[in-house]
Amino acid sequence: MEASRGCPFSCNFCVLTGHEQYRYRPIDHVIRDIRDRMVFNERIPGLTGDTFAFLDNNLGGSPRYLRELCEALMPLKKIWGCALTFNVLRDPELVRLMGLAGCRYVYTGLESLNPESISSMNKGQNKLSEVREVIQRAFASGIVLSFGLLVGADGDTNEYLERVPEYLHDLGDHCPTFLGIVCPYPETPFFAQVAAEGRLLPGVTSRDLDGYTLCHRPARLHPSEAIEHFQRLSRTIGRGSTTWRSCSSARSRRWGSRGTSSRGPRGGGRAASRRRRGGDASLTRRAGGARPRPAPYDSSIGL
Ligand code: SF4
């Protein structure tokens, strides 16, 4: 089911930014579709027999609309899930209303626990000091809250990425369901920025724009460092989960990292041979161990 399209926010890496205006359907049309046109599989017992998901990019793009939608959903007694932005979850009354209307699952793009990375992504709607409270509030309303984290944002440092498991532990070991690498999708502000600054990695093709392959040089990390952190976090945070297995190290290897083969699943041929020829000077420098580590990360994430 879709009730809306687009998003009112402007995260710099998002393909919607600058391209999709936020708009939503009349609530009575949405309710009619759920009530009269949606086919539920009655043979599946339990909760799933009356369950559906909103596929909207941001069901909470208009909190007023979401509030009215929840009120209209209540009599249907359906179970549903959705994706929406962090600002909605900061509103206790709205979260409670969502729970009463049958919402049991919410995905939100938290993206980072590092305020400098949040700022670099233009994602000011995410208030990191409220993450713990927001998770607990959702649970108290019967809603499972899952979130995504990204590696390689311009605020990321070795010190921050090394401490991500610790930060997650402080949040109650609430694991993200998605771990990716910030991707410079063409025609996004992030792409324009890294291209203008000469930070697109050589040899990147459209098939690399999958969210799991490093395509740019992060501002405060060497590419091989970003990949190592991504691989380590993929292994340690999400062990056992399908999502995490799928975003594990293999695809990133093509950009090289210490102690791993430079041959990726697609052969890693051009990038690997370019490195062997010394075509990417910085990668060569990193492999030689001559590059100094960045200054210690000294910013509190305020959790
Ligand atoms: S909040 Fe989500 S959907 Fe909206 S612009 Fe940011 S990343 Fe895109």
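In this predicted model, helix α2 spans residues 63–73, and its buried residues are Tyr65, Leu66, Leu69, Cys70 and Leu73. These residues lie on the same side of α2, because they cover an arc of only 135° around the axis. An α-helix has 3.6 residues a turn, so residues three or four places apart point the same way. The cover over the buried residues of α2 includes the strands β2 (23–24), β3 (51–53) and β4 (79–83), together with the helices α1, α3 (86–89) and α4 (92–100).

The loop between α2 and β4 contains lysine 77. Lysine 77 has a phi near 55°, a positive value in a residue other than glycine. With a relative accessibility of 66%, lysine 77 counts as exposed. Asparagine 122 is another residue with positive phi, at about 60°, although it is not a glycine. Asparagine 122 sits in the loop between α5 (115–120) and α6 (131–140), and its relative accessible area of 45% makes it partly exposed.

**Salt bridges**

Side chains of opposite charge can pair when their charged atoms come close. The structure contains 17 salt bridges, including the three in the table.

| Pair | Closest N to O distance |
|---|---|
| Arginine 37 and aspartate 33 | 3.3 Å |
| Aspartate 154 and arginine 199 | 2.8 Å |
| Glutamate 166 and arginine 163 | 3.2 Å |

Where does the pair of arginine 37 and aspartate 33 lie? Both residues belong to helix α1 (residues 27–37), where they are four residues apart, about one turn of the helix. The two partners differ in accessibility: arginine 37 is exposed, with a relative accessible area of 56%, whereas aspartate 33 is buried at 12%.

The salt bridge between aspartate 154 and arginine 199 has its N and O atoms 2.8 Å apart. Aspartate 154 is in the loop between β6 (144–151) and α7 (158–162), and arginine 199 is in the loop between α9 (189–196) and α10 (223–237), so this pair ties together parts that are 45 residues apart in sequence. Aspartate 154 has a relative accessible area of 11% and is buried. Arginine 199, at 10% relative accessibility, also counts as buried.

In the salt bridge between glutamate 166 and arginine 163, glutamate 166 is partly exposed at 39% relative accessible area, and arginine 163 is partly exposed at 36%. Elsewhere, salt bridges with shared partners link Arg25, Arg32, Asp33 and Arg37 into one network.

**A buried leucine in α8**

Leucine 168 is part of helix α8 (residues 164–170). Is leucine 168 buried or exposed? Its relative accessibility is 4%, which means that leucine 168 counts as buried. Apart from neighbours within four places in sequence, leucine 168 is in contact with Leu113, Phe147, Leu149, Asp173, His174, Pro176 and Ile237. A distance of 9.8 Å separates the C-alpha atoms of leucine 168 and arginine 132, which are 36 residues apart along the chain.

**Pocket and cavity**

Rolling a probe the size of a water molecule over the atoms shows where empty space is left. The largest pocket has a volume of about 720 Å³. Its lining consists of 32 residues, and those closest to its centre are Phe13, Cys14, Tyr107, Glu111 and Lys123. Two elements, β5 (103–111) and β7 (178–181), each give two or more residues to this lining. With four residues, β5 gives the most to the lining. By residue class, the lining of the largest pocket has 18 nonpolar, ten polar and four charged residues.

How many cavities of 30 Å³ or more does the structure hold? There is one. The largest cavity encloses about 30 Å³ of space. Its lining is made up of Asn12, Ser120, Met121, Ala153, Asp154, Val182 and Phe190. These lining residues divide into four nonpolar, two polar and one charged. Asp154, listed in the cavity lining, is also the residue that forms a salt bridge with arginine 199.

Notes:
Residues are numbered from 1 along each chain as its sequence is written. This is a predicted model: local features need pLDDT of at least 70, side-chain atom pairs count only at pLDDT 80 or more; totals for chains, interfaces and linings use all residues. Side-chain values use heavy atoms; hydrogens and water are left out. On a 1 Å grid over the protein atoms alone, a cavity is a set of points where a 1.4 Å probe fits but cannot get out, and a pocket is an open set with protein on both sides within 12 Å along at least five of seven lines; lining residues have an atom within 4 Å of a point. Grid points are joined across faces, edges and corners, and a volume is the space filled by probe spheres set on the points. Ala, Val, Leu, Ile, Met, Phe, Trp, Tyr, Cys and Pro count as nonpolar, Asp, Glu, Lys and Arg as charged, and the others, Gly among them, as polar. A salt bridge is a side-chain nitrogen of Lys or Arg within 4 Å of a carboxyl oxygen of Asp or Glu. Buried means under 20% relative accessible area, exposed over 50%, partly exposed in between (1.4 Å probe, protein chains only). The arc is that of the directions from the helix axis to the C-beta atoms. Contact means heavy atoms within 4.5 Å.
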